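Colleague: I've got a two-chain model open and I'd like to learn how to read it. Could you walk me through it, starting with where the chains touch?

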Amino acid sequence: MSAVLFPLMLAGYAFGALAGLLGGRGSVGRWLVALGAGLGAGAGLGLGAGVIAGGGALVWSSPDLFGFAGGLQLRLDTLGAAFLVLIGVGAIPAAIYGAGYSEAYEDGRTALRRHPRQGAEASGFMLNLFLLSMSLVAMADNIFTFLFMWEAMSLSSYFLVITESSELGTLQAGQWYLGMAHLGFVCVAAGFMLFAGGDWAASFDSLRAGAAALPAALRSIIFLLALAGFGSKAGIVPLHLWLPMAHPVAPSHVSALMSGVLIKLGLYGLLRVSLDLLGGGPAWWGGLVLGLGAVSAVLGILYALMENDLKRLLAYSSVENMGIILMALGAGLIFHSYGLMALAGLSFVAGLYHTLNHAAFKGLLFLGAGAVLHATHTRNMELLGGLIKRMPWTAFFFLVGAAAISALPPLNGFVSEWLVFQALLGGFQIPSSEMALIMPLAVGMLALTSGLAAACFVKAFGITFLAIPRSVPAEQAHEATPAMRAGMGLLALLCLGLGVLPFAVVPLLGRVLAGIGGLPADPVVLTFNLSLQMPAGFGQMSPSLMAVGLVGLLALIPVVLRMLRVNRRLRLSDTWGCGRTGQTPRMEYTATAFAEPLRRVFTQLYRPTKELTIDFHPESKYFVQSIEYRSQITPWFEKVLYRPLLEGIRFAARMVRRLQSGSLHLYLLYISLTLVLLLIVARWL
Amino acid sequence: MSILLDFAQGVLALALAPGLVGLVRWFKARLQNRRGAAPWQPYFELIKLFGKDGVVSNNASWLFRAAPYVVFGSTLAVAFLIPTIFAPQALGGVGDLLAVVYLLLLGTFCLALAGLDPGTAFGGMGASREMTIAAIAEPTLALAIFGLALEAGSTNLGQIVAQTLGNPALAVTPGHLMAFAALFIVTLAETGRLPVDNPATHLELTMVHEAMILEYSGRYLALIEWAAGLKLLIFFALLSNLFVPWGLAVVLTPVSLLVGVAVFIVKLAFLAGVVALLETRVAKLRLFRVPELLSLSFVLALLSVISSFVLR
């Protein structure tokens with residue numbers, strides 16, 4: 001199988017990329033791009049699933065290509081295969097959706113753009129390149145291949161981010177993304193160089209073999225560099241800043257891919273280096289990851305709550321979900337360091353499950369937000385509303401995603417959060433009491449996060465889709481095209497499937513890390529039948545039966561009510577308005593108002609600035625002519641961390657600029673001075 | 001057989017729920033020197049509501065009409081999972097304590113969306129406040145569960161009950177007592193009781209739950225009111241049967257089941273009296289003081305877990 005699938009994957013992406021270059025922006029070109037991407041992603045999905053189901057790793061190498069750096073080495077083991085599956089799961093619906101969505105870029109038509117602009121031809125090409133490079137990151141087996149593909153992935157996604165480059169702010173967001181991506185790249189590369197002792201052609205096998213011999217301090221430095229480098233891709237606080245900038249401006253199917261898949265490769269890198277190559281480390285590694293995860297989760301969702309830009313809200317919520325995943329992985333690393341392998345296995349399964357789930361529901365939500373943007377040309381929730389009647393399908397799909405991300409049963413978010421909770425609850429088995437006491441705090445943080453997430457997505461769905469439209473474009477919104485609906489529908493089905501069939505998914509996830517980094521090679525750490533059961537019977541639950549029960553009850557209630565002959569008449573009438581008739585959208589609760597109580601509760605964090613301008617009638621101050629209210633929350637990370645850093649860089653640049661006068665004489669002087677200096681140095685050394 | 005008993009117990013809880021609401025009101029009236037309506041008044045109210053026409057806002061969508069069913073269904077599902085008159089439940093493997101929390105959150109989520117749907121300021125206000133309170137009550141709930149699970153070695157309700165029954169000394173450990181206090185405060189918040197919300201107001205700017213369901217009428221309102229009563233009963237059942245499990249039938253004989261029913265009703269009546277007394281004594285907190293109360297309960301729950309660790 002794999003002999004066919006691997007070339008098929010490459011061929012699919014190559015075909016899609018070519019179609020992107022040559023097919024033009026018309027309908028045929030768009031569908032050929034989607035076909036190539038879907039074919040490549042589908043083949044990758046099959047390849048990954050085969051490796052996980054079958055066990056053994058697959059190896060491809062091409063020593064002549066890039067021979068100077070050890071050649072192109074690819075090896076697909078179960079860990080890489082899991083992420084290959086993830087890419088397939090995210091990319092197939094996004095490709096189908098993209099074929100419909102990119103219609104907005106056709107010819108001169110500027111549905112999504114206020115200004116005409118060139119350059120979208122490349123987006124189909126870049127999309128396929130992006131998917132291909134992500135797939136090869138998950139398969140890379142030596143340092144050079146990994147770093148090369150990592151950089152290709154960052155660059156191709158950068159070009160996708162700036163697709164709508166004529167929009168205000170897009171290029172700036174792109175610069176932030178590029179800057180953060182390269183900061184991360186430097187850390188990752190430095191970590192690998194330290195690991196391999198400067199040999200950039202070293203294969204992962206040799207790293208794995210040499211890891212144990214490294215001094216403990218060096219191992220920790222490598223781990224910290226990997227955490228910073230991969231963390232900047234994964235969007236952990238405080239390296240999360242590019243997510244709320246780059247995700248909103250990218251085309252929505254690209255946002256879905258970036259949020260659902262790209263940032264997950266940061267987790268892949270972290271797992272690969274810390275668990276597989278380094279073979280795990282002291283407990284504080286896990287504690288650090290757990291702590292960063294908890295901070296990211298809580299801060300991510302708190303900032304998401306205050307956001308009125310639909311796509312920025314989703315981007316901040318990605319920070320939150322990455323935090324939840326990191327909490328699970330951190331707990332796993334802690335258990336691993338104490339040799340509690342069953343609990344470590346459980347934690348990693350929980351983290352991987354949430355990774356997969358997040359790709360499904362966040363992909364779905366981004367596609368839904370894209371459909372809203374497509375229909376109304378705005379991302380500002382304060383201008384939306386009432387879309388459930390104008391775009392019923394999109395609204396339904398978005399509702400599924402919102403319920404799933406709020407961890408409501410019987411959808412997928414619930415299952416993985418339940419697993420993360422169970423993993424953290426197992427923390428009482430840790431022998432060291434300081435580490436064990438972190439766990440209840442983490443449980444509290446996770447619960448707070450999930451409660452706030454529910455509030456956040458009530459806001460996101462309720463303000464955007466319910467009640468009366470708040471603007472003319474929202475009133476005139478149209479339903480998404482069939483291709484876009486198909487993409488969303490696939491992901492909504494996946495949310496349901498991953499929710500009610502966990503007993504089919506979890507054993508496969510159990511195999512992913514089996515035998516890696518000292519975890520037992522026998523993957524059956526948890527017993528699974530129709531219900532999920534923790535080791536030693538710690539907890540048991542059956543989402544499948546719960547779903548059956550819920551659906552049964554929902555069907556039963558109307559039947560029973562009818563048998564009891566309750567009054568089934570219904571009258572339509574105006575909303576009750578305290579005696580006032582004629583309801584307008586201005587009487588509705590706004591997105592800002594919805595989040596106001598939480599803004600007050602967490603006022604120490606937000607430090608909102610308020611600006612109230614009231615224009616009174618000249619005759620009497622009891623008549624108000626206009627009121628203007630502005631409020632902003634303090635962007636701590638920009639203010640405290642990044643602005644001083646950027647100021648410093650600018651200052652240094654200004655200092656260096658003094659050398660550059662542009663005068664030829666001065667440069668001749670520099671050259672001769674350097675020469676003299678070098679001669680002196682050479683003489684004395 | 002035991003599955004049938006499970007369903008019977010859920011239906012019993014459903015039947016008792018309006019009576020419990022009426023009992024709290026009756027106690028409260030008596031404590032305030034009023035005669036008050038009889039405890040079974042809520043049954044008449046439900047019958048009345050089920051007989052009335054429903055009025056739905058023009059602005060509302062299908063979600064508004066579906067939400068009451070989801071709220072009622074998810075709350076009823078919880079009633080099948082928790083121990084009320086006997087333990088362990090045959091359906092215990094379907095959902096543990098965490099699943100109970102998230103099933104209840106499903107109802108809150110739908111109701112908050114339904115509050116936003118008709119487009120009134122009242123509904124939005126109620127939804128916003130309800131979600132705020134639910135969000136900050138969540139950590140306490142999770143930690144109280146952690147404390148209980150730590151001692152029982154499981155989040156399964158049946159095992160928590162069995163552990164306390166087998167080792168009665170557990171019921172008076174500091175961890176247990178503090179977890180009880182924390183869960184009691186959360187119960188007040190989650191079921192919209194004083195001092196967090198006032199179930200007796202319908203037209204005040206301070207209301208939370210009532211503001212959210214203001215647009216509902218007829219059978220929809222009946223379902224929501226009934227589900228709210230059932231939620232109160234569920235929290236009372238968790239408080240009484242997880243912390244003081246004596247009286248629960250552990251062998252399924254007719255006599256022990258009857259004893260179980262009788263003891264359960266006594267426990268409910270006791271908690272109803274406590275809540276009525278509290279509601280008579282305290283005034284409603286300002287909305288922005290509620291987080292302070294809930295952080296108190298969070299600290300209690302955290303102390304409970306830590307003391308369980310220390311005394312382990």
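Modeller: Sure. Bear in mind that this is a predicted model. Start by counting who takes part: 68 residues of chain A and 72 residues of chain B make up the contact.

Colleague: Which element of chain B gives the largest share of the side that touches chain A?

Modeller: That's helix 5 of chain B, with 19 residues. Elements giving two or more residues to that side include helix 2 (41-51), strand 1 (54-57), helix 9 (218-243) and helix 11 (290-310) of chain B.

Colleague: And how do the residues on that side divide into nonpolar, polar and charged?

Modeller: On the chain B side there are 44 nonpolar, 20 polar and eight charged residues.

Colleague: How do strand 6 of chain A and strand 1 of chain B run, parallel or antiparallel?

Modeller: Parallel, with four bridges joining strand 6 (residues 570-573) of chain A to strand 1 of chain B. For a spot to click on, find Leu572(A), which stands opposite Val56(B).

Colleague: Now the inside. What's the general idea with nonpolar side chains?

Modeller: In soluble globular proteins they tend to be buried together. In this model, the largest nonpolar core has 354 residues. Among the residues with the most contacts inside that core are Met327(A), Leu364(A), Leu113(B) and Leu233(B). Helix 13 (residues 341-376) of chain A supplies the largest share of the core, 21 residues.

Colleague: Which residues does Met327(A) contact, leaving aside its neighbours within four places in sequence?

Modeller: Its partners are Leu290(A), Gly293(A), Ala294(A), Ala297(A), Val420(A), Ala442(A) and Leu446(A).

Colleague: What about the overall build of chain A?

Modeller: Chain A has 25 helices and eight strands. Its radius of gyration is 27 Å, close to the 26 Å that the globule rule gives for 685 residues, so chain A is as compact as a globular protein of that length. The C-alpha trace spans about 95 × 70 × 55 Å along its principal axes, and 56% of the residues of chain A count as buried.

Colleague: Lys459(A) in helix 17 of chain A caught my eye. Is that lysine buried or exposed?

Modeller: The trick is to count C-beta atoms within 10 Å: 20 or more others make a residue buried. Lys459(A) has 31, so it's buried. Beyond its neighbours within four places in sequence, Lys459(A) is in contact with Ala591(A), Phe594(A) and Ala595(A).

Colleague: Last topic: what should I expect of phi and peptide bonds?

Modeller: Most residues other than glycine have a negative phi, and most peptide bonds are trans. Here's a case to look at: Ala407(A) has a positive phi of about 60°. Ala407(A) sits in the loop between helix 15 (392-405) and helix 16 (412-425) of chain A. Arg565(A) also has a positive phi, near 60°, and lies in the loop between helix 21 (543-563) and strand 6 of chain A.

Colleague: Are those two buried or exposed?

Modeller: Ala407(A) is buried, with 31 other C-beta atoms within 10 Å, whereas Arg565(A) is exposed, with 9.

Colleague: And where are the cis bonds you'd show me?

Modeller: One joins Val237(A) and Pro238(A), with omega about 5°. Another joins Leu194(B) and Pro195(B), with omega about 0°. Pro238(A) is in the loop between helix 8 (216-234) and helix 9 (243-249) of chain A, and Pro195(B) is in the loop between helix 7 (174-190) and helix 8 (209-212) of chain B.

Notes
Residues numbered from 1 in each chain as written. Chains lettered and ligands numbered in written order. Predicted model: local features only at pLDDT ≥ 70, side-chain atom pairs only at ≥ 80, totals over all residues. Contact = placed C-beta atoms within 7 Å. Nonpolar A, V, L, I, M, F, W, Y, C, P; charged D, E, K, R; others polar. Pairing = 2+ DSSP bridges. Buried ≥ 20, exposed ≤ 12 C-beta atoms within 10 Å, placed from the backbone. Rg over C-alpha atoms; globule rule 2.2 N^0.38 Å. Core = buried A, V, L, I, M, F, W, Y, C linked by C-beta atoms within 7 Å.
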